[in-house]
Amino acid sequence: MESRKVGILGGGQLGRMVQEAASRLNISLTILDEPVDSPAKQLNASQQHLHGSFKDATKIRELAETVDVITVEIEHVDTHVLKELEASGKSIHPTPATISLIQDKYLQKQHLAKHSIPLADSLDCPDQEAIEQAGQQFGYPFMLKAKTMAYDGRGNYVVRSEEDLTGARSKLAPGVPLYAERWAKFDRELAVMVVRSITGEVRSYPVVETVHKNSICHLVFAPAQVGRGLTGTSDETFSTSIQERARKVAENAISSLSGAGVFGVEMFLMKDGEILLNEIAPRPHNSGHYTIEASHTSQYENHLRAILGLPLGSTEMKVQAAGMLNILGAGEKTYLACELAYGIPGATTHLYGKKECKAGRKMGHITVVGDSMQEVHDRLLPMVLAMDPKDESPFNLDPLVSIVMGSDSDLKVMEAAAQILTKMSVPFELSLVSAHRTPERMYHYGKMAHKRGIKVIIAGAGGAAHLPGMVAALTPLPVIGVPVRGSTLDGVDSLHSIVQMPRGVPVATVAINNSTNAALLAVRILGSFIPSYLDRMAQYQESMEKEVLGKIDTLDRVGWEKYEYIKH
């Protein structure tokens, strides 16, 4: 189908996964890298690959003579020769101008700032005086960074106090230009893979959370679990989810660059909900490995589609949740997680074929998919602990069920729902949302619930009991109303208010004060698309049956006269 030939600079693990995608599409991919048996070359040994440095201008020109399009799996390439080739008509993506810009992290930040991309403040540091000025301007701590050849934490130094200023320059490679950056006290690290076609079309993958150890990506969770809580003061925070804002920042950043392909955009999520872009990789990225198993179209296939102008594939996930564990060189422990993965459902192991296993070197990765993030966590945890029994990486969960009530006096009734959900291991949130006293909060809560990943809402209300119906009018999610008994009318007024919703605004209603049934109904709803919750529901029903059968047995043994005095 596709006769054009693609050449790629670099034959490491990213090139290997590009090669996998190219093989399926029958796209010819020629790799330029020094090792004859580099990870990418191993997958298609019959191809006439080039053996030499991807920084060698002569070898790059030789590659250009045999292919129609040149791309990269690593940004540390010779952009001068790439610009010459581009000027002569060779198709190169991303463009040499974009690669050159991203090679210099400070120029990258200046470019993004001109396009109103949110960033931490930065300052050029050509000499010691400028480094000291950074301390005065940003305070302590602040980051001192190498402008070029910095990755996986290399090229960064934390200046913690004024005493660190004197030796700060010597902590980084000699001769490398530096810049300083204001300390970003982030809550989470996020990433978004963005694909841009030569046609100009831009699409982004879901936001993921990345967890780093020793400045190297350790875990990735997709989608990012950042939907918990109703906090926020600005209109933007109320009207858009963190996922939406992060994707918008990433897409705007990539739209400001030239050329096509997949780009990895790393970001910080601050405690107040602000998104700050950290840096961009002009190629497929570690944080997008999960897309092979979890997305309709992987980042690697979409990279090829983008640089060839083929229709882009869907970037949405085809599973509920996914996680990725990097396999880093760790001596005898390196492949312990891989051995466990053979027996774990939903786990797929990727080994890169690297000959030498150095400490901290990326040797492979394992992707785990599941029907819920809880299931992904349960499957990943044994492998994480096999690598390091003391690993304390955060495993965050977004709530699937939201319990809201109009007043804190309703908590005595609604806590039974919380107890059931806890027993069933369902992640949930519980908060106050008053239809009458906090109408704006209720409006934004109803509009945003599904965007935050909530699947079911349980709303308790007494008296006029407008909350369940008003929330149901605002959200596409199923809403379960719990009539709360008030001081008058015994809760019948609340029941009638919730039941009598107009056509088109359904609210499932349970008995007065029966939040237990509301929670059980929520679990059944979740069970319709998350099998593990259906199993837990079946176990709960079995336990109820055993309880009743036990009572029958006791009644038969002691007789009715004595039964009422026995405590169960």
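Q: How many helices and strands does the protein have?
A: Let's start with the overall fold, keeping in mind that this is a predicted model. Along its principal axes, the C-alpha trace spans about 100 × 55 × 50 Å. Counting the elements in this protein gives 21 helices and 23 strands.

Q: What percentage of the residues in the protein is buried?
A: A residue counts as buried when its relative accessible area is under 20%. The protein has 568 residues to sort in this way. The buried share comes to 54%.

Q: Among contacts between residues at least 6 apart in sequence, what percentage joins residues at least 24 apart?
A: Here a contact means heavy atoms within 4.5 Å. Among contacts between residues at least 6 apart in sequence, the share that joins residues at least 24 apart is 62%.

Q: Is Val77 buried or exposed?
A: You can find Val77 in the loop between strand 4 (69–72) and helix 4 (79–87). Leaving out residues up to four places away in sequence, Val77 touches Leu9, Phe54, Lys55, Val72, Leu82, Ile99 and Gln103. Its relative accessibility is 8%, and the cut-off is under 20%, so Val77 counts as buried.

Q: How far apart in space are Val77 and Met544, C-alpha to C-alpha?
A: In sequence, Val77 and Met544 are 467 residues apart. In space, their C-alpha to C-alpha distance is 66 Å.

Q: Which residues of helix 5 are buried?
A: Helix 5 covers residues 96–103 and is mostly covered, with 6 of its 8 residues buried. Its buried residues pack against strand 4, helix 4, strand 5 (91–92), helix 6 (105–114), strand 14 (261–270) and strand 15 (275–281). The buried residues themselves are Pro96, Thr98, Ile99, Leu101, Ile102 and Gln103.

Q: Which residue forms a salt bridge with Glu375?
A: Side chains of opposite charge can pair when their charged atoms come close. Glu375 lies in helix 14 (residues 373–387), and because its partner is 4 residues away in that helix, the two are separated by about one helical turn. Both partners are buried, and their closest N and O atoms are 3.5 Å apart. The partner of Glu375 is Arg379.

Q: How many residues apart are Glu244 and Lys451?
A: The side chains of Glu244 and Lys451 meet in a salt bridge, at 3.5 Å from N to O. This pair links distant parts of the chain: Glu244 is in helix 10 (residues 242–255), while Lys451 is in the loop between helix 16 (439–448) and strand 21 (456–462). Glu244 is partly exposed at 34% relative accessibility, and Lys451 is partly exposed at 32%. Their separation is 207 residues.

Q: Is Arg188 buried or exposed?
A: Arg188 forms a salt bridge with Asp187, and the closest N and O atoms are 3.7 Å apart. Asp187 is partly exposed at 37% relative accessibility. The relative accessible area of Arg188 is 17%, so Arg188 is buried.

Q: Which residues gather in a patch of negative charge on the surface?
A: Helix 7 (residues 128–138) holds one member of the patch, Glu129. Glu129 has a relative accessible area of 62%, so this residue is exposed. The residues that gather in the patch are Asp127, Glu129, Glu132, Glu162 and Glu163.

Q: What accessible area do Val548, Leu549 and Ile552 have together?
A: These three residues form a nonpolar patch on the surface. One of them, Leu549, is in helix 20 (residues 531–558) and is partly exposed, with a relative accessible area of 48%. The accessible area of the three together is about 260 Å².

Q: What is omega for the peptide bond that joins His93 and Pro94?
A: Pro94 sits in the loop between strand 5 and helix 5. The bond joining His93 and Pro94 is cis. Its omega is about -10°.

Q: What is the phi of Asn214?
A: Asn214 is found in the loop between strand 12 (208–213) and strand 13 (216–222). With a relative accessible area of 73%, Asn214 is exposed. Although Asn214 is not a glycine, its phi is positive, at about 55°.

How values were computed:
Residues are numbered from 1 along each chain as its sequence is written. This is a predicted model: local features need pLDDT of at least 70, side-chain atom pairs count only at pLDDT 80 or more; totals for chains, interfaces and linings use all residues. Side-chain values use heavy atoms; hydrogens and water are left out. Patches are made of residues with over 30% relative accessible area and no salt bridge: like charges are joined within 9 Å, nonpolar side chains (Val, Leu, Ile, Met, Phe, Trp, Tyr) within 5 Å. Accessible areas come from the Shrake-Rupley method with a 1.4 Å probe; for residues, only the protein chains shown count as cover. A salt bridge is a side-chain nitrogen of Lys or Arg within 4 Å of a carboxyl oxygen of Asp or Glu. Lys and Arg count as positive and Asp and Glu as negative; His and the chain ends are not counted. The place of a charge is taken as NZ of Lys, CZ of Arg, CG of Asp or CD of Glu. Buried means under 20% relative accessible area, exposed over 50%, partly exposed in between (1.4 Å probe, protein chains only).
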